[in-house]
Amino acid sequence: MFRTHVKTLTTQYTRLQRVGQLAKQTLKNGPQAVYSTSTGSDWEYLQRSIVPTDHFQDSLPRLAIPILKQTCENYLESQQVILSKEEWETTQFNTIRFMEEDGKYLHQELKKLDKNNKHTSYVSKPWFDMYLNSRLPIVLNFNPFVSFVDDPRPEYRTQLLRSTNMIVSSLRFLKSLRDNILEPDVYHLRPEKTKNEKFNKFCRKVPKRFAWHGAILHSRQSAFPLDMSQYDRLFNSTRIPKEGKDEFLTDPKARHMLLMRNGHFYVFDVLNSEGHIESPDKIMAHVQYILQDNQPPPEFPLGYFTAENRDTWAAYRDQLLANGNGPTLNKIDTALFALCLDDKNSDDPNDITRQFLHGDGINRWYDKSFSLIMTPDSKACVNFEHAWGDGVAVLRYFNEVFKDSTEMPFVHPSTTIPKANSDRAVQRLEFELDTSLKEGIQSAKVNFDNMTGSLDLHHLEYDTFTKDFVKSKKLSPDSIMQLAIQMAYYRQYRKFVATYESCSTAAYKHGRTETLRSATMHTKEATEMIVDRGNKESPVNLYKAMIQCSRTHGDLTKKAAMGQGFDRHLFALRTLAEAENYFPHKIFKDPAYTNMNHIILSTSTLSSPAVVIGGFAPVTPDGYGIGYSIESNRIGFNVTSYPPATNVREFIDCLRASLDDLFDIMNYSSPRNS
């Protein structure tokens with residue numbers, strides 16, 4: 001994916017030569033320092049990586065600010081898909097003026113700012129601030145979920161067993177991460193060639209300041225270390241509401257975790273005073289103790305506050321602190337992570353999506369960095385707060401915990417639960433609530449119910465063709481999914497709209513994401529050919545149009561992964577202009593710019609054998625939130641919307657018809673639904 005970028009890094013060439021010299025010397029003389037971990041039992045560690053977890057971090061390349069001219073050209077190219085000829089000409093005029101005048105000044109100022117902050121990326125701070133400044137409720141607006149595949153062994157599919165094993169696996173992940181022996185994140189273009197002990201041993205011996213360059217050199221540009229800075233806020237972290245702008249709180253010294261059941265909060269230590277993991281059967285005993293607590297739900301469930309407008313929640317938090325609830329809130333905020341033990345089962349995928357995306361508000365604390373949610377029949381997901389990080393760290397945690405908890409469980413159906421003095425070890429948290437706080441909770445519940453009640457959703461399971469079939473036709477699976485989405489929306493509304501696909505820029509220090517604008521002139525042309533005149537076009541021509549869509553999508557993916565899209569650059573320029581009270585240029589006042597950032601089709605995909613599907617709400621009232629996956633055995637879509645502006649069931653029908661048409665074309669037949 002990053003091969004093109006590496007070939008353009010001419011400024012790194014002399015460093016690569018130096019690394020080659022150092023590598024030869026290192027291989028001859030051996031490592032210059034002995035790497036060790038803190039004392040601990042082997043069972044406490046998920047991995048013992050040859051290469052330290054943070055080995056590549058300091059040497060990662062920085063995210064380059066795109067060339068302004070290229071950003072403007074990419075912007076105009078994307079606008080062409082959704083604007084009329086007259087609208088586009090106006091936008092073209094504004095964009096050229098911006099490039100030659102105000103944009104030129106802002107771009108130079110951004111470069112100066114970036115030069116003075118070489119420890120990070122130019123987009124990192126404004127992107128964090130974008131999330132933390134938002135006053136919208138984080139439920140639906142920001143927090144997504146990713147659901148686990150069921151445990152492959154039926155006898156382990158109980159809430160108690162799977163919860164305990166996932167807790168233990170999470171702690172093993174945590175210990176490996178903090179003791180610097182979790183395998184570093186590395187993207188392998190050819191894993192059969194580079195994902196091996198030889199590569200790891202080589203990288204281990206290269207000094208940290210040259211580690212990234214060593215990996216590139218040794219792998220012949222086939223292995224790319226990724227940024228892991230976001231992992232610092234994976235555990236013991238919470239988003240704290242503050243008036244105007246929220247803050248992060250992280251306390252890596254805390255040893256307890258948070259469990260929620262029936263709206264009650266429970267905490268107990270899962271690490272002992274020396275930092276070792278408590279015995280799995282003891283953890284199991286504490287979980288069972290909580291599951292057996294038959295207390296009715298509290299009359300005033302505090303979790304509703306975390307789904308409120310952020311300023312409103314900040315004011316109520318101040319009241320909670322004034323009432324003496326500071327130490328209790330701190331227990332929640334500093335907990336390693338949250339485990340929500342739900343009482344509801346369902347076999348309906350739509351009901352499960354609702355439960356995992358927002359639930360009933362009683363048994364959640366949405367501000368935690370992430371929460372494991374577990375149903376009585378052991379269906380599970382991760383719901384995470386989005387400000388602190390993107391999907392890279394969460395998906396790594398997700399995959400490792402699934403693999404470890406299913407392949408190396410520490411408690412079993414035969415495990416005898418010991419007497420663990422759970423009545424003393426487990427603390428149920430209590431809060432002092434005055435009349436104002438109680439009224440606030442009741443108001444928050446009404447707001448929550450109205451907000452979540454306005455959401456509609458539906459899913460599609462499709463198996464007529466899958467990833468392997470698409471690849472056999474020399475097409476990109478993701479490009480075909482994106483083309484199907486364009487076709488579905490066009491079928492429903494007869495127009496093309498702003499489309500967003502998230503693409504990670506973790507190949508760079510403190511990289512976040514770039515927008516992949518997957519609605520292109522080629523997808524527009526292919527959509528119109530297939531939907532409007534598919535029976536009049538030859539299947540060969542339709543297939544050629546799909547090929548072109550695939551190539552264009554591949555090029556856009558490479559650009560986005562290298563941080564060479566236009567969205568983050570324009571976002572940074574606009575943010576800088578606002579910070580300096582610089583009079584905004586017409587480009588930012590242009591209705592076309594507003595329209596481009598009014599995302600109708602917000603899409604995201606995760607590919608993993610551990611993932612069933614992910615889900616999130618639309619980012620605009622008249623848009624769709626489209627989670628999808630294409631695997632070797634199935635295609636899945638999980639789509640959300642806010643009626644009556646949109647009709648998600650009709651959209652799913654259009655998706656199915658579009659996938660059928662694409663299948664026909666890949667078999668060199670005319671599309672059946674044209």
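Colleague: How much accessible surface does the protein have, and what share belongs to carbon and sulfur atoms?
Modeller: Happy to help! This is a predicted model, where local features need pLDDT of at least 70, side-chain atom pairs count only at pLDDT 80 or more, and totals for chains, interfaces and linings use all residues. Residues are numbered from 1 along each chain as its sequence is written, and side-chain values use heavy atoms, without hydrogens and water. By the Shrake-Rupley method with a 1.4 Å probe, where for residues only the protein chains shown count as cover, the surface is about 28,000 Å², and the carbon and sulfur share is 50%.

Colleague: Is strand S17 largely enclosed or open, and why?
Modeller: Strands are DSSP runs of E with at least two residues, numbered from the N terminus. Buried means under 20% relative accessible area with a 1.4 Å probe, protein chains only. Seven of the seven residues of S17 (residues 624-630) are buried, so the strand is largely enclosed by the rest of the structure.

Colleague: Which residues point each way from S17?
Modeller: In a regular strand, side chains alternate between the two faces of the sheet. Here Gly625, Gly627 and Ser629 point one way, and the other way point Tyr624, Ile626, Tyr628 and Ile630.

Colleague: Which strand runs antiparallel to S17?
Modeller: Pairing requires at least two DSSP bridges between two strands. Strand S15 (residues 601-605) has five bridges to S17 but runs parallel. The antiparallel partner, joined by seven bridges, is S18 (residues 635-641).

Conventions:
Buried < 20%, exposed > 50% of the residue type's maximum accessible area, 1.4 Å probe, protein only. Helix = DSSP H or I, 4+ residues; strand = E, 2+ residues; numbered from the N terminus.
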